[in-house]
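Here are a few exercises to work through with the model open beside you. Try each task before you read its solution.

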Amino acid sequence: METARISIFPLAGGILFPGLQLPLHIFEKRYRALVTDALARDRLIGMVQPQGPGEGAPLFEIGCLGRIGEVEALDDGRFNIVLEGVSRFRIMRELSVQTEFRQVEARLLDNGASDSLMPAERAAFESEAQAFAEMQGYAVEWDEVSRLDDETLINGVAQVAPFDGAAKQALLEADGIRERCDLLIQLMQFYAFRGDEDSATMQ
């Protein structure tokens, strides 16, 4: 598979899935430099979660490459941007660089878009998602949901569901839409079983 040099934005809870969007407010100096560099080159930034707090914390191996779509440059040097998910990647090694922001060598991964759901699997997922949404008090246009393709539906729920960072990392690492769908159902059932008002946790 294709390898690439990727400038990364390590952000706890900053999960992006292929085909989806992630709005970000960029205010730290190093990440303002990251955005400025990306805009001057290919508009690409890698979103990946650190495994712990602190400067230079180890990174999870799997992240998602995003392309800067909308961008608002503020007078004080900050940015408001919207990243559009392009492809998952697996970090091979972190590079020694002079830039303020971290860079890695990574292998781009197959997004599994061709791994579609069987009709029964799709129906089971929509039923579970509807029950979960009702439990959370979410207002959802289910007619609109039914018209989404499998990848957009599964990745969309994975990105917006109120799970913790570990659970969302597991969803991002799932290979293919069917595996991600199965894990999502387990997480929604687990959340409902716990009846927790905060967030589902996967250890």
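**Exercise 1.** Find which residues phenylalanine 125 is in contact with, leaving aside its neighbours within four places in sequence.

*Solution.* Start with the cut-off: contact means heavy atoms within 4.5 Å. With that rule, phenylalanine 125 touches Leu153, Ile154, Val157, Cys181, Leu184, Ile185 and Met188. Keep in mind that this is a predicted model, where local features need pLDDT of at least 70, side-chain atom pairs count only at pLDDT 80 or more, and totals for chains, interfaces and linings use all residues. Residues are numbered from 1 along each chain as its sequence is written, and side-chain values use heavy atoms, with hydrogens and water left out.

**Exercise 2.** Work out which residues have the most contacts inside the largest nonpolar core, and which elements give two or more residues to this core.

*Solution.* First, the terms. A nonpolar core is a set of buried Ala, Val, Leu, Ile, Met, Phe, Trp, Tyr and Cys residues joined through side-chain atoms within 4.5 Å; buried means under 20% relative accessible area (1.4 Å probe, protein chains only). The largest such core has 27 residues, and Phe17, Phe125, Ile154, Phe163, Leu171, Leu184 and Met188 have the most contacts inside it. Next, the elements: helix H2 (119-136), H4, helix H5 (165-173) and helix H6 (177-194) each give two or more residues. H6 supplies the largest share, 8 residues. Finally, look for a second, separate core: it has 17 residues, including Tyr31, Phe79, Ile81 and Leu83.

**Exercise 3.** Is leucine 153 buried or exposed?

*Solution.* Locate leucine 153 in helix H4, residues 150-160. Its relative accessible area is 5%, so leucine 153 is buried. Then list its contacts, again without neighbours within four places in sequence: Arg122, Phe125, Glu126, Val145 and Leu148. For a view across the chain, take phenylalanine 60, 93 residues away in sequence; its C-alpha atom is 25 Å from that of leucine 153.

**Exercise 4.** What radius of gyration does the chain have, and what would a compact globule have?

*Solution.* Count the elements to begin: 6 helices and 6 strands, where helices (H or I, at least four residues) and strands (E, at least two) are DSSP runs, numbered from the N terminus. They run β-β-α-β-β-β-β-α-α-α-α-α from the N terminus on. Now apply the globule rule, 2.2 Å times the number of residues to the power 0.38, with the radius taken over C-alpha atoms. For 203 residues a compact globule would come out near 17 Å, and the chain, at 18 Å, agrees. As a last step, note that 44% of the 203 residues count as buried.

Methods. Buried means under 20% relative accessible area, exposed over 50%, partly exposed in between (1.4 Å probe, protein chains only).
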